Amino acid sequence: MKKEPRRTRSPFKTVSPAMDLTRARPLERKVVLITGASRGIGAAAAKRIARAGGVVVVNYHNSHEQAQAVLREVEEEGGKGMLFRADVTQRNQVEEMARAVRESFGAVDILVNNAYFPFEVNFLHEISWEGVEEAISKELAAFYNCTRAFVPAMMEKKKGKIIVISTRLAQQPLPRMGAYAAAKSALETMADTMALELGPNGIAVNVVTPAFTLTDASAMMPDEFRERVRKSRPLQKHLYPEDVAGTIAFLASDEADMMTGTHILITGGSHLQL
Ligand SMILES: NC(=O)c1ccc[n+]([C@@H]2O[C@H](COP(=O)([O-])OP(=O)(O)OC[C@H]3O[C@@H](n4cnc5c(N)ncnc54)[C@H](OP(=O)(O)O)[C@@H]3O)[C@@H](O)[C@H]2O)c1
């Protein structure tokens, strides 16, 4: 009997134009919703994804003018998009956003769970219970609300991606940041569980874990701290929102189709240090 040649290439996915990273617009026609995209990492991801051809839904809460500026830049990149003001911790607002997006663009292909919620900075033995509860409940409610709103359409299509932005503090804590770190640890566990639960439906869930990044959220830290962090990294550079945006765009692309349940560190190497 003739022996079957052993396969060394996927029978489903040989290099196709859709997978070719050298292609200018690998996210062409993908609908990508980014929570908290008016500023910081979310805004940088919106522009990066637009450059790759994605249709971007710029969610924001209070910063209307900044969100408008992001949408303008999305359009300058040749992309399409829309703005939607919604407090993602509120289920009814997220559902309204889902309806509006469906009417304009159809189903969301990629959800980027990114919004940042300021928290009480304090030692865990001194922090108010309200401070702990608020950090955890906002972080988890936002993710819960968005997955409830956007996963059903992904399940129908048997394809979808969820990208969760966590923080390195979830594994490498800092004093007085405990409420935030605990909230993000719980968020990561939700993401991993969802990767298991949704995998059979063709939905991938991955976590991006940046270290200290220069945005409004981190602006409260003194210059001396910023410099110390920079110098302590093996790469000795600051991390900017744009340094995180490329990884988000990669995870959104077909190149990452077989990645789920992964946690990608963007730290400039600081995770290697004691
Ligand atoms: N910066 C860092 O050092 C760092 C490090 C690791 C991980 N991260 C993570 O990266 C993500 C982005 O953080 P960032 O530093 O880019 O934050 P940022 O610059 O402060 O931006 C925060 C964004 O979240 C939005 N937002 C806040 N509350 C919201 C709500 N209730 N509903 C909808 N949107 C809301 C804001 O919208 P409006 O302005 O319109 O209200 C804004 O667009 C967060 O998940 C954060 O935990 C940040």
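Gly131, Val132, Ala135, Ile136, Glu139, Leu140, Phe143, Tyr144, Thr147, Val151 and Met155 of helix H4 are in contact with Ala179, Tyr180, Ala182, Ala183, Lys184, Ala186, Leu187, Met190, Ala191, Met194 and Leu198 of helix H5. Contact here means heavy atoms within 4.5 Å. Helices (H or I, at least four residues) and strands (E, at least two) are DSSP runs, numbered from the N terminus.

Before I continue, a word on the source. This is a predicted model, in which local features need pLDDT of at least 70 and side-chain atom pairs count only at pLDDT 80 or more, while totals for chains, interfaces and linings use all residues. Residues are numbered from 1 along each chain as its sequence is written, and side-chain values use heavy atoms, with hydrogens and water left out.

Let me return to the helix pair. By class, the contact of H4 with H5 has 18 nonpolar, two polar and two charged residues. In this division Ala, Val, Leu, Ile, Met, Phe, Trp, Tyr, Cys and Pro count as nonpolar, Asp, Glu, Lys and Arg as charged, and the others, Gly among them, as polar. Two packed helices are described by the angle between their axes and the distance between the axes. H4 covers residues 129–157 and H5 residues 178–198; their axes come within 8 Å and cross at roughly 20°. H4 is therefore roughly parallel to H5, a description used for angles under 35 degrees, with over 145 counting as roughly antiparallel, 65 to 115 as roughly perpendicular and the rest as oblique. The axes themselves are lines fitted to C-alpha atoms, for helices over the stretch in contact, and angles run from 0 to 180 degrees between N-to-C directions. The crossing of H4 and H5 is right-handed; that is, the near helix is turned clockwise from the far one by less than a right angle, whereas an anticlockwise turn would be left-handed.

A second helix pair is formed by H1, residues 40–51, and H2: the axes come within 8 Å and cross at roughly 20°. H1 is thus roughly parallel to H2, and the crossing is right-handed. On the H1 side the contact is made by Ala43, Ala46, Lys47 and Ala50, and on the H2 side by Val70, Glu73 and Val74. These residues divide into five nonpolar, no polar and two charged. H2, residues 64–76, also lies across strands E2 (55–60) and E3, running at about 170° to E3.

That brings us to the sheet. In what order do the seven strands of the open sheet stand? The order is E3-E2-E1-E4-E5-E6-E7, with parallel pairing. Two strands pair if DSSP finds at least two bridges between them. E3 (80–85) and E7 (263–266) are the edge strands, each pairing on one side only. From one strand to the next, the twist averages 15°.

Consider strand E4, residues 110–113. E1 and E4 run parallel and are joined by three bridges, with Val32 partnered by Ile110 in E4. E4 also pairs in the parallel sense with E5 (residues 160–165), over four bridges, and there Leu111 has Ile162 as its bridge partner. In a regular strand the side chains alternate between the two faces of the sheet. In E4, Ile110 and Val112 point one way, Leu111 and Asn113 point the other way, and all are buried. Buried means under 20% relative accessible area, exposed over 50%, and partly exposed in between (1.4 Å probe, protein chains only).

Asn114 follows in the loop between E4 and H4, and is buried at a relative accessible area of 9%. Leaving aside neighbours within four places in sequence, Asn114 contacts Ile34, Thr35, Gly36, Ile41, Gly42 and Ile165.

At the far end of the strand order, E6 (residues 203–210) pairs with E7 in the parallel sense over four bridges, and Val208 stands opposite Ile264 in E7. In edge strand E3 we find Arg85, which is partly exposed at 45% relative accessibility. Arg85 touches Asn59, Tyr60, His61 and Asn62, not counting residues up to four places away in sequence.

Finally, two backbone details. Most residues other than glycine have a negative phi. Arg29, in the segment before E1 (31–34), has a positive phi of about 70° and counts as exposed at 69% relative accessibility. Gln236, in the loop between H6 (223–232) and H7 (241–252), has a positive phi near 50° and is partly exposed, at 46%.
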